[in-house]
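Please examine the structure shown below and work through the exercises that accompany it. Each task is followed by its solution.

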Amino acid sequence: MKSKNVLCYAGYAVSLALIVIIALTDLPLQIDTALGIVFAAVFSISHTQLLHNKMIQDDSDYRINVLDERNILIKEKAGNITNMVTLVLLGIITVVFIAFNYIVPAIMTGLLIAIHPILLIIISTMIEKKI
């Protein structure tokens, strides 16, 4: 648990460094925007992980709810259904892009749809080997 907390605090340091870089340098707007997005991602992940670790240790009700098998099963089913819905929506968006003659976005979303089953197989195999 301590090593995870060290990574969280390192994330805080990285996010502080990103804010300092944005504030003190005269970088183009696109780079500042990208650094702002990276800052938001790093800070939010670090803060959420630190808060989660603290609540797992201190709050017994939270720990029981997080580690409850029924809740884990519900989250897995919800994730699978959301994954399928997202794939269908990507397919619809691909068709809309083709209808509007936006070829490059249509190719990109089509590739995402084509890669999806391959990623699913690879990740499932990796999880099976872990368990």
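The exercises below concern a predicted model.

**Exercise 1.** Determine how α4 and α5 are arranged relative to each other.

*Solution.* Two packed helices are described by the angle between their axes and the distance between the axes. Helix α4 covers residues 69–99, and its axis lies 8 Å from that of α5. The two helices pack at an angle of about 150 degrees. Angles over 145 degrees count as roughly antiparallel, so α4 is roughly antiparallel to α5. The crossing of these two helices is left-handed.

**Exercise 2.** Locate N101 and describe its backbone and its exposure.

*Solution.* N101 belongs to the loop between α4 and α5. Its phi is near 65 degrees, a positive value in a residue other than glycine. The relative accessibility of N101 is 58%. Exposed means over 50%, therefore N101 counts as exposed.

**Exercise 3.** Classify I103 by accessibility and identify the surface feature that includes this residue.

*Solution.* I103 is placed in helix α5, which spans residues 103–130. Partly exposed residues lie between the limits of 20% and 50%; with a relative accessible area of 44%, I103 is therefore partly exposed. I103 also contributes to a nonpolar surface patch, whose members include I107, L111, I115 and M126. Together, the patch residues have about 1,100 Å² of accessible area.

**Exercise 4.** Is V38 buried, partly exposed or exposed, and how far is its C-alpha atom from that of V14?

*Solution.* V38 is part of helix α2 (residues 29–58). Its relative accessibility is 39%, so V38 counts as partly exposed. V14 is 24 residues away along the chain, and the two C-alpha atoms are separated by 9.7 Å.

How values were computed. Residues numbered from 1 in each chain as written. Predicted model: local features only at pLDDT ≥ 70, side-chain atom pairs only at ≥ 80, totals over all residues. Heavy atoms only, no water. Patch = residues over 30% accessible without salt bridge, like charges linked within 9 Å, V, L, I, M, F, W, Y side chains within 5 Å. Areas by Shrake-Rupley, 256 points an atom, 1.4 Å probe, with all protein chains shown as cover. Salt bridge = Lys/Arg side-chain N within 4 Å of Asp/Glu carboxyl O. Helix = DSSP H or I, 4+ residues; strand = E, 2+ residues; numbered from the N terminus. Buried < 20%, exposed > 50% of the residue type's maximum accessible area, 1.4 Å probe, protein only. Axes fitted to C-alpha atoms, helices over the stretch in contact; angles between N-to-C directions. Parallel < 35°, antiparallel > 145°, perpendicular 65-115°, else oblique. Left-handed = near helix turned anticlockwise from the far one by under 90°.
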